[in-house]
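Colleague: Hi, could you show me the model you have open? I'd like to walk through it with you.

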Amino acid sequence: MNTDRGKLDITIEKEAPDQIVLHIDMDCFYAACERLKDPELNGEPVIVGMGYEPGDTIGAVATASYEAREFGVGSAMPIQEALDKLPRRKDVANDPALNKEQTGHYRPVDMEFYKDTGAQVKSILEDYAETIRDVSIDEAYLDVTSHTDWGAVEQYARTLQDEIYDTVGVPASVGVAPNMSAAKIASDYDKPNGCVIVRPGTVREFLSSLPVEEIHGVGPVTAEKLVEEGLKTAGDVASADRDKLEEMFGERGTDLFVRARGEDTRVVEPRGLPKSISNESALETTADIDTKRELLIDLAEQVRQRVIEKGCLFQTIGIKVVEPPFDVNTRATSLPGPIESTELIEQYALDLLDEFESTRVRKLGVRVSGLSFTNANQAQLGDWDSSQQAETDLTTKASPKSRSRGARRTGQSQQTLGDFTDE
Ligand code: DCP
Ligand code: MG
């Protein structure tokens, strides 16, 4: 009996939530940022790091552009080794032995600039997902389940890449999969500018030919042990004897087995308190204002319920109006301070919709942002760590923006608290 129960538990555990996860990772991020400052670096080998000035001896490469990687230069390499492989372009004039084509541009780390650029990218992501998990300066997971479907997701991902490139000027690679670990592997699969979609039911097949190092959590030592046992690919591990893996690695053996099979039940969750609460829904393309209003009211109500559940205040109410095929317009009403009057969500969302009275629409969304959580709310959400709370507490953030794509970007729907105080 016990054995059966054990088996049943494992089966249940395997059932992944029905989600579409998009993982984004910027391409040679620091080098791409340096190219924003100096467009002459475009297409050239670029190395960002420390310790390359004459007299310096210690330092490492933070990143190398893809052109520099062709010379064997990569992240974390001692700077001296990088200089041996790819001397400085700057030295060509003084050293006739150097071939200009085999030199690169070295730049120091400018963290403030990279942080600022990373923040611009992250603010675009907010329009593309209900939930975002920030991982690092250049990487995040997006739960896009309610924003697209498997038929449209490739175009959705490409639209996101294009918007980031058009607005911020840096390239990104994305991977989309039914779970987080497969999405991460997918984003790395075809860098730079990659867009790899792994559809439900194909995760195991996608992973099968990858070397074991690519399995989440497999470092060089584990990889070596696996290879010694003749397990070279994720596919080999996925079809290996589970008991044998457990013998070799203890509990980690089970993790390895499960991961190699592409099973991952994690749900995309923000690392701090949420920055916004939104909901959106597709509809059969229509210009009919009553249909649009009805859907918007429904969405506003769902958002209102979630604001009440979370017990937060909000400062901005926005709508998203998607015209076929993927022309995304967003409008927002920002207040000078946070409020808790949730009934205003519907009212202001409907006001913002007026501009789109005769627009043909295929999807609508409602969002509140500029969220702030009182201390009492924070105590309820006991799991969040306090440093993250400070980081994401938006009460002091500059007034949120109104955004739409490309030339249609306007701030025309900004309103003031005066409009509310008479209520
Ligand atoms: N970074 C660093 N030191 C490392 C690795 C990375 O300082 N050992 C910094 C520089 C990178 C940034 O973090 O630009 C992001 O790391 P990634 O691993 O995503 O590397 P890149 O974005 O540079 O390249 P890729 O296109 O492979 O993602
Ligand atoms: Mg990167």
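Modeller: Happy to. One term before we start: a contact here means heavy atoms within 4.5 Å. Also, please keep in mind that this is a predicted model.

Colleague: Noted. What share of the contacts with a separation of 6 or more comes from residues 24 or more positions apart?

Modeller: Such pairs account for 66% of those contacts in the protein chain.

Colleague: And how many helices and strands are there?

Modeller: The chain has 17 helices and 12 strands. It runs to 423 residues, and 47% of them are buried. The accessible surface comes to about 20,800 Å², with 48% of that belonging to carbon and sulfur atoms.

Colleague: Let's move to the ligand. Which residues are closest to ligand 1?

Modeller: Asp25, Cys28, Thr63, Tyr66 and Arg69 are the closest, out of 14 residues that surround ligand 1. By class, that shell has 7 nonpolar, 5 charged and 2 polar residues.

Colleague: Which helices and strands each supply at least two residues of that shell?

Modeller: Strands β1 (21-26) and β3 (61-64) do, and so do helices α2 (29-37) and α3 (66-69).

Colleague: What about the oxygen atoms of ligand 1, which polar backbone atoms do they approach?

Modeller: There is an oxygen of ligand 1 at 3.0 Å from a polar backbone atom of Met26, and likewise one at 3.0 Å from a polar backbone atom of Phe29. On the side-chain end, an N or O atom of Asp138 is 2.9 Å from an oxygen of ligand 1. The protein covers 68% of the 550 Å² of accessible area that ligand 1 has on its own.

Colleague: Back to Cys28 for a second. How many disulfides does the structure hold?

Modeller: It holds 0 disulfides. For Cys28, the nearest cysteine sulfur is that of Cys33, 9.3 Å away.

Colleague: Is Cys28 buried or exposed?

Modeller: Cys28 counts as buried, because its relative accessibility is 7%. Cys195 counts as buried too, at 10%.

Colleague: New topic: His105. Where is it, and what does its side chain make a polar contact with?

Modeller: His105 sits in strand β4 (residues 105-107). Its side chain makes a polar contact of 3.4 Å with the side chain of Glu44. Leaving aside residues up to four places away in sequence, His105 touches Leu41, Glu44, Pro45, Val46, Ile47 and Arg89. With 17% relative accessibility, His105 counts as buried.

Colleague: Any helix caps? What caps the N-terminal end of α11?

Modeller: Asp241 does, with a side-chain oxygen 3.1 Å from the backbone nitrogen of Asp243; the helix itself covers residues 242-249. After α11 comes Gly250, whose phi is positive, near 65°.

Colleague: Now the backbone oddities. Which residues does a cis peptide bond join?

Modeller: Lys191 and Pro192, with omega about -10°. Pro192 lies in the loop between α7 (180-189) and β8 (195-197). Asn193 is in the loop between α7 and β8 as well, and has a positive phi of about 60° although it is not a glycine.

Colleague: Why do those catch your eye?

Modeller: Because most residues other than glycine have a negative phi, and most peptide bonds are trans.

Colleague: Fair enough. And Ala76, what is its phi, and is it buried or exposed?

Modeller: Ala76 has a positive phi of about 75° and belongs to the loop between α3 and α4 (79-85). Ala76 counts as exposed because its relative accessibility is 62%, whereas Asn193 is partly exposed at 46%.

Technical notes: Residues numbered from 1 in each chain as written. Chains lettered and ligands numbered in written order. Predicted model: local features only at pLDDT ≥ 70, side-chain atom pairs only at ≥ 80, totals over all residues. Heavy atoms only, no water. Near = heavy atom within 4 Å. Polar contact = N/O pair within 3.5 Å; in protein donor to acceptor, adjacent residues only side chain to side chain. Areas by Shrake-Rupley, 256 points an atom, 1.4 Å probe, with all protein chains shown as cover. Helix = DSSP H or I, 4+ residues; strand = E, 2+ residues; numbered from the N terminus. Nonpolar A, V, L, I, M, F, W, Y, C, P; charged D, E, K, R; others polar. Buried < 20%, exposed > 50% of the residue type's maximum accessible area, 1.4 Å probe, protein only. Disulfide = S-S within 2.5 Å.
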